[in-house]
Each structure stands twice: as structure tokens, then as C-alpha cells.
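Visitor: Hello! Could you take me through one part of this structure slowly, the sheet and what surrounds it, and then show me how that part sits in the whole?

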Protein chains: 2
Amino acid sequence: MKKEYDKKRPLILVTNDDGITAPGMKALVEAMMPLGHVVVVAPDKGQSGMGHAITIHHPLRLQKVEYAYDIEAYQCSGTPVDCVKLAVDIVLHRKPDLCVSGINHGSNSSINVIYSGTMSAAVEAAIEGIPAIGFSLTDFRYEAHFEHSKSFISKIAENMLAEGMPAGTLLNVNIPSIPATEIKGIKVCRQANAKWVEEFDKRKDPRGQQYYWLTGRFVNKDKGEDTDEWALANGYVSVVPVQYDLTAHHAITHINENWKF
Amino acid sequence: MKKEYDKKRPLILVTNDDGITAPGMKALVEAMMPLGHVVVVAPDKGQSGMGHAITIHHPLRLQKVEYAYDIEAYQCSGTPVDCVKLAVDIVLHRKPDLCVSGINHGSNSSINVIYSGTMSAAVEAAIEGIPAIGFSLTDFRYEAHFEHSKSFISKIAENMLAEGMPAGTLLNVNIPSIPATEIKGIKVCRQANAKWVEEFDKRKDPRGQQYYWLTGRFVNKDKGEDTDEWALANGYVSVVPVQYDLTAHHAITHINENWKF
């Protein structure tokens, strides 16, 4: 399946978690086409909320498919992280210069970064040493309007290609779903310390057996003006640099000083 | 389903990703029983490699089941993270004093923290504000020997109950699968900067169609003696404090100084 790519143009891998047929992905492909040679490897169905799941109990299918603009495209039966692994190991002839994931239908700000298949695909690319960005629009509907996102996405991707990021980091970009004229600019932020409060929807099936739908309320008590939630609420595109080294370095001292082994 | 618990004893939620029938979970329950009132909520089947996945496309089932030592136990049809959410919202009458996940059959050191259902369950508990620890043994076999792990697990859990951790942090504990007499002690470490190199196993199904099994080699080029990999290789139990704020704070400056928006 491997193919030679033009060495003078950046090679850009596009993936997502809403599936290869999502409108958000098409908008992202369109934003990337002027910047380089685009290859799509994406899930064959919605994979929202899959986090950093990988498929180890089932075999994976990978199928070449038709895509708009004659873009080379593959759909995969697995998770967004599986897609990136298959792209790097099976599909692409060389390491891509950039991996972009999205545009997600719905916000991945704050703690959502951890549940998000969109962001986990970007994290996996970063682990592979590929400059990576996840893009999300704060509108979860199929009919969401992605047009105004493209100029911000281009600008951020161009900077990533030109300037890069420190080793072991990537970007989580969220775009407010408001008219283009109301967007005030781009803000580099930290992840707000917010969370979901679960409210399971309890139902009975036709046999009278209980089942549950996961649902909840997003609660943000972090009022910091340096957070992604503040930026989005105030009309900015939020850009949060993310890392996959999860070590809480400050806690090492706490344990060494207070715990007794 | 909610039940009053003795307020004088710590309430301890036990979960895992290998499923409720895994021997590693029974060993963890046994290690916790002297420390408090134990309740088990765990997946009804193996959920290894599920990362921080949540179930949003299917309803969840939660069923009370028999467990050893008359422990109150429930199996759930979802992921490890779903188990913790259901435990907190549906099963438990009050917020537990501790959530322990494992003992995982297999290492969750270094980058494995990000793919691990065991660790994601603990992360979810920490997001809920519950002191949380993931325990793993570096032996993935069903027949792995967990007995020698118990004294280390008790010691670490006792410290967690007595001293706690800084807000927003939890622990990733890995225990080397070597004879108890050869374990030199407990070491607080950082996550080694290692990764998996994919080597997909390509096969043809009986109809001649290609499919892939995800497999790979773990490659560690991080020789730091302050890493979990070093600790495990040198006969120590590794304790890595983990955080779920993924912000790469040092990269904020890099972007603000070098990127042009």
C-alpha cells in the first residue's frame, strides 16, 4: 500500500473520531490541502469518547476508499489511536510532517481532552514523534458550520510546520461556534480544572431489566482567565499545549517527605 | 442499590480492567479487606487497552454478583471508566475514601499508563476527587503470582489513606514479578520516556481478505535512574505520581514567543 510522496511538500495525515464520513473531517481536509500532501486514515464509524483505547481483542480491517478531491483515503475498523498506528506502520511511506485530528463535532476543552478520541489520535501521533494537533468546534451537531474555522486552522497548522513544539507536546485547539466576525483571536491557555458530574439516565428494557445511559453536566469552577474555558466563553479560539508524560513531578517530593515505606 | 456504610471504616472501591473474575482483582480485594469496607464494581469481561474510553453509543448494564468473602460486588458491561462512574453515581452511598484498580496482569509502567484501562479507572476516580491508585504486576499471565504484592500494596494504600496526595494527582504502582526476597523496596519515580514500536501482524481471512493484529515491541531509550523502568529492572516496586491536567505549561511560553498568529 505504501506510496512515494513528493519530498518537497509536507505530508499531512488527517484523522478524526467522528468517522471518515463526518463533515468536520472534510472541512479539515480542505484546510490542509493548500499546505501539503494530504492522506486520510480514519475510523469507519463514530468513535467518540474512545479515549486512548487500542484494539487488542479483535483484528483490524483497513480499506482504501473513495474520498473527495481524489484524496488518498483509508477507513479502519478500529479506534482513532488504531488509525494513527496503522497509518504510520502500514499506509504511509514516510513519517508525516504533521498529523491533524478533527474537526471534532463538539468541544474537547478542559477535562474532555482525556475522553476524546480526536485528541487521543493526536496524542498517539505525538508519541510517534509527529507534530500533532487536535481541532474541535464547540457544536456537536452534524450540521455544525465549520467554514469559519478554516482560516484559524490554517494559521495554527502553518505555525506548527514552521516553528514546531517542544519534544513530547502537541496542541488541543477548540474553536467557538459563533459567527466569524465575533471571534476575537487565538489564545494560548491551560486546561481548565473542570469536570463532568454524572447523571445516569436509568431505564427499563421491555423485559423489565434496568439499564443506564451515561449522561452528565459539565461543571467548571475554575474561573482562571488563562484557561481554555474562559477563552471559549469570551470569543477566542483556545490553544492548549498538551503532554503525554503524565508524571506529577511536584508530587514526588510530597511522597518522599511525608509517606513512610 | 445504595447502602449505608460504617462511617468509622474507610470505604474502598476496587475495580480493574481484566474483569471481575481475574485473579489479580481477588488478590487486591484480599489486600484491602484489613484496611476498610470493600465494594467491587468491575467490568464483566476483559477491558485491557481501553484507555479512558467511556460508553456513549450503548446502554450500560450493572448487575449485583456473588464474590468471594461475601464482598458486595457488581459487574458492569462497560469500560473501567464506566465502572467508576457507575460506582460513584449509582452503587455507593457516599464518596469512597480510596479507589484501587488492579492488580493488573501485566505492566503499566512508562507510556502504558495512557493505554491502560486499569490506570484510566484510577484516573477517573481521581477526577472525582477520590484518592486513587492503580496496581500492576509485570506478568500478564492468568497464572501470575500475586501473593508477594500484597504487603507492598497494603503499605502504599495505608500511606494514601493517612497522608493523601496533592490535589489532582494519583499513583501508578508497578510490582516486579520476581520472588519476594529479591524485591529491594519501593521507589518513587517519573514515567520513563519509552514507547511501543508497532509491528502489525498481517493475515488473510478464509476469503483472502487482509486483516491486522496490533502487536509491537516496547522500546526504552530513557536510561534515567529516576524512571519507573529503571526501578522495575533493578528490583524495586515503582510508584509514579500521575496527573490528569495534561497542560504542557512549559510549551505555553514557547508558542507565545515563537508563533505568529
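Guide: Happy to; we will start with the model itself, go through the sheet, and finish at the contact between the chains.

What you have in front of you is a predicted model. The predictor gives the complex an ipTM of 0.94 and a pTM of 0.95. For chain A, the mean pLDDT is 95, with 99% of the residues at 70 or more.

Chain A holds six helices and 13 strands. With a radius of gyration of 19 Å, against the 18 Å that the globule rule gives for 261 residues, chain A is as compact as a globular protein of that length. A box of roughly 55 × 55 × 50 Å, taken along the principal axes, is what the C-alpha atoms of chain A fill.

Now to the sheet. In chain A, nine strands form an open sheet with mixed pairing, and reading across the sheet gives the order 3-4-2-1-5-6-7-13-8. At the edges are strand 3 (62–65) and strand 8 of chain A, each of which pairs on one side only. From one strand to its neighbour, this sheet turns by 25° on average, direction ignored.

Let us zoom in on one pair in the sheet. Strand 1 (residues 11–15) and strand 5 (residues 98–105) of chain A are paired in the parallel sense, over four bridges. Within that pair, A:Leu13 of chain A has A:Cys99 of strand 5 opposite. In general, the strands of a sheet pair through backbone hydrogen bonds, in a parallel or an antiparallel way.

Strand 5 of chain A deserves a second look, since A:Ile103 has its place there. The peptide bond that leads from A:Gly102 to A:Ile103 is cis, and its omega is near -15°. Another backbone detail sits at A:Tyr69, where phi is near 60°, a positive value in a residue other than glycine. You will find A:Tyr69 in the loop between strand 3 and strand 4 (72–76) of chain A. As background for both details, most peptide bonds are trans, and most residues other than glycine have a negative phi.

Next come two helices that lie across the sheet strands. Helix 1 (residues 23–32) of chain A lies across strand 1, strand 2 (37–43), strand 5 and strand 6 (132–137), and runs at about 145° to strand 5 of chain A. Helix 3 of chain A lies across strand 1, strand 5, strand 6, strand 7 (169–175) and strand 13, and its direction is at about 170° to strand 6 of chain A. Strand 1, strand 5 and strand 6 of chain A are thus named under helix 1 and again under helix 3.

Chain B can be read in a similar way. Its open sheet of nine strands, with mixed pairing, has the order 3-4-2-1-5-6-7-13-8. Strand 3 (62–65) and strand 8 (185–188) of chain B each have a single partner strand, so one side of each is left without a neighbour in the sheet. The twist in this sheet averages 25° from one strand to the next. At one edge, strand 3 of chain B pairs with strand 4 (residues 72–76) of chain B in the antiparallel sense, over four bridges. There, B:Val65 has B:Ala73 in strand 4 of chain B as its bridge partner. Helix 3 (residues 117–127) of chain B runs at about 170° to strand 6 (132–137) of chain B. Chain B also has a cis peptide bond, between B:Gly102 and B:Ile103, with omega about -15°; B:Ile103 is in strand 5 of chain B.

How do the two chains relate? Chain A superposes on chain B by a rotation of 180° with 0.0 Å of shift along its axis, at an RMSD of 0.0 Å. That is the relation of a two-fold axis.

Finally, the contact: 67 residues of chain A and 67 residues of chain B take part. Elements that give two or more residues to the chain A side include strand 8 (185–188) and strand 13 (236–243), which you met in the sheet, and helix 3 (117–127), along with helix 6 (249–258). Helix 6 of chain A gives the most, with eight residues. By type, the chain A side divides into 36 nonpolar, 20 polar and eleven charged residues. As 100% of the interface residues of chain A are also interface residues in chain B, the copies meet through the same surface.

Conventions:
Residues numbered from 1 in each chain as written. Chains lettered and ligands numbered in written order. Predicted model: local features only at pLDDT ≥ 70, side-chain atom pairs only at ≥ 80, totals over all residues. Contact = placed C-beta atoms within 7 Å. Nonpolar A, V, L, I, M, F, W, Y, C, P; charged D, E, K, R; others polar. Least-squares fit on C-alpha atoms with pLDDT ≥ 70 in both. Pairing = 2+ DSSP bridges. Axes fitted to C-alpha atoms, helices over the stretch in contact; angles between N-to-C directions. pLDDT = per-residue confidence, 0-100. Rg over C-alpha atoms; globule rule 2.2 N^0.38 Å.
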